[in-house]
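Reader: I am a first-year student, and I would like to go through a protein model with you. May I ask short questions as we proceed?
Author: Certainly; please look at the model first.

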Amino acid sequence: MRSKLNQMEVAADGVPALYPGEQFLAAEDDGFRLCFQRQSANIWHCHDFHELVIVLKGSGVHHTGLADYPIGRGDVLVIKPGDGHCYREPDRLELANVLFEPGKLRFDRLDLEEMPGYLALFAAAPEVRSRSRGAGGKRYKHTLGAGELSEAAALLRQLAAEDGARNPGRRFVRGALFQQLLALLGRSGAAAGGARRSRRMTALGAMLRFMAEHYAREITLAELAARGRVSIAGANRLFRELLGETPMEHLIRLRLDHAAGLLATTDLPVAAVAERSGYRDSNFFALHFRRGFGRSPSAYRRDSVPPPK
């Protein structure tokens, strides 16, 4: 189907326009939806869903607000919820976009998230692009080889045919095709610059995934480095070069973002929010939170509650 992404307008205050999933993803989509589009230059925007982008033809520039990334045939992007982006200088740029919400996918991912290409593309690359001003992230591209792109395009055509035909078993077949596409991407990953950069992104992805799953407990640098199969010095170097922060700075940011979400959406006591976010000392948590958000946890909660109607 033709996407509606170019039909929206940017917010007047310069904040990226939000494209809500409820406008693009229906219950019958089972958590994902395929769109093909001839991409024109568009506004800076973000989504509350994930977006998997495969460049089928042409070239252009993907702008993240921090840096410009040239893209071309075979390049693959994963854009996280809330990450502002837009396309510039399109030259016959044709994209396949898969909009998806991981929590609504109706299949078990099993060991998919352990595949090197998946770690690099889905865990590391979005974080690098959203944090980097180009120093580390600009050197990495996840690019499909000619055979991989041909196979991906064939799967996308089959998925589009299922969406159009409405045959019996449509939902089962759609899910199977999307899983095949994810498996193909998980085993892909020829990075611009060579295998070494692919290994670096895979290592970073493994560490980021481990942090995302275990931020609520104590994590040591040695344990984290072991997950990435690098030395402690290597882990520090990867985070600094690709994300511009240390592993522990990233962990603190992850914990504080989780805490902010709990403060805004629950009535849990601050001490309970701190504990669920990886802090055993609520005073230490409050100190970190004030540094990160410029106000106390209680003030943040108060400001996040909408006024009564």
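Author: Let us begin with a term: two strands pair if DSSP finds at least two bridges between them. Please also keep in mind that this is a predicted model.

Reader: Thank you. How many helices and strands are there in the protein chain?
Author: The protein chain has ten helices and nine strands.

Reader: Let us use that term on β4, then. Which strand is joined to β4 by four bridges?
Author: That is β6, which runs antiparallel to β4. Within β6, L77 is the bridge partner of V53.

Reader: And how many bridges are there between β4 and β7?
Author: There are eleven, and the two strands pair in the antiparallel sense. As an example, K57 has E94 as its bridge partner in β7.

Reader: What about β5, how is that one joined to β4?
Author: Five bridges join β4 to β5, which covers residues 68-72, and these strands run antiparallel as well. One bridge partner in β5 is I71, which is matched with G60. β4 and β5 form a hairpin with four residues between the strands, and in this hairpin G65 takes a positive phi near 95°.

Reader: With those partners, is β4 largely enclosed or open?
Author: β4 is largely enclosed by the rest of the structure, because ten of its 14 residues are buried.

Reader: You mentioned a positive phi. Which residues other than glycine have one?
Author: Among them are E89, with phi near 50°, and R92, also with phi near 50°. Most residues other than glycine have a negative phi.

Reader: Where do E89 and R92 lie?
Author: E89 is in strand β7, and R92 is in strand β7 too.

Reader: Are they buried or exposed?
Author: E89 is exposed, because its relative accessible area is 63% and the exposed class begins over 50%. R92 has 56% relative accessibility, so R92 counts as exposed.

Reader: Let us move inside. Which residues touch the most other members of the largest nonpolar core?
Author: That core has 29 residues, and the ones touching the most other members are L52, I54, F122, F178 and L181. Two or more residues come from each of β2 (32-38), β4 (50-63), β6 (75-79), β7 (86-100), α1 (116-131), α2 (146-165) and α3 (170-186).

Reader: Which element gives the most?
Author: α3 does, with six residues in this core. There is also another core apart from this one, of 22 residues, including A120, M207, F210 and I219.

Reader: You listed I54. What is I54 in contact with, further along the sequence?
Author: Setting aside neighbours within four places in sequence, I54 contacts D75, V76, E94, L95, A96, L144, L149, L156 and L181.

Reader: Now for the cysteines. How many disulfides does the structure hold?
Author: The structure holds zero disulfides. A disulfide is a covalent bond between the sulfur atoms of two cysteines.

Reader: Are C35, C46 and C86 buried or exposed?
Author: C35 counts as buried, because its relative accessibility is 2%. C86 is buried at 4%, and C46 is buried with a relative accessible area of 9%.

Reader: Where is C46, and what does C46 touch?
Author: C46 sits in strand β3, residues 45-47. Leaving out neighbours within four places in sequence, C46 is in contact with P16, A17, L18, Y19, G82, D83 and G84. From C-alpha to C-alpha, C46 is 10.0 Å from T64, and the two are 18 residues apart in sequence.

Reader: One residue in a loop, please. What can you say about E101?
Author: E101 lies in the loop between β7 and α1. At 18% relative accessibility E101 counts as buried, because the limit for that class is under 20%. Not counting residues up to four places away in sequence, E101 touches L25, G31, D48 and F49.

Reader: To finish, what about the chain as a whole?
Author: The protein chain has 309 residues, of which 49% count as buried. Its accessible surface comes to about 15300 Å², and 51% of that belongs to carbon and sulfur atoms. Of the contacts between residues at least 6 apart in sequence, 73% join residues at least 24 apart.

Key:
Residues numbered from 1 in each chain as written. Predicted model: local features only at pLDDT ≥ 70, side-chain atom pairs only at ≥ 80, totals over all residues. Heavy atoms only, no water. Disulfide = S-S within 2.5 Å. Buried < 20%, exposed > 50% of the residue type's maximum accessible area, 1.4 Å probe, protein only. Core = buried A, V, L, I, M, F, W, Y, C linked by side-chain atoms within 4.5 Å. Contact = heavy atoms within 4.5 Å. Areas by Shrake-Rupley, 256 points an atom, 1.4 Å probe, with all protein chains shown as cover.
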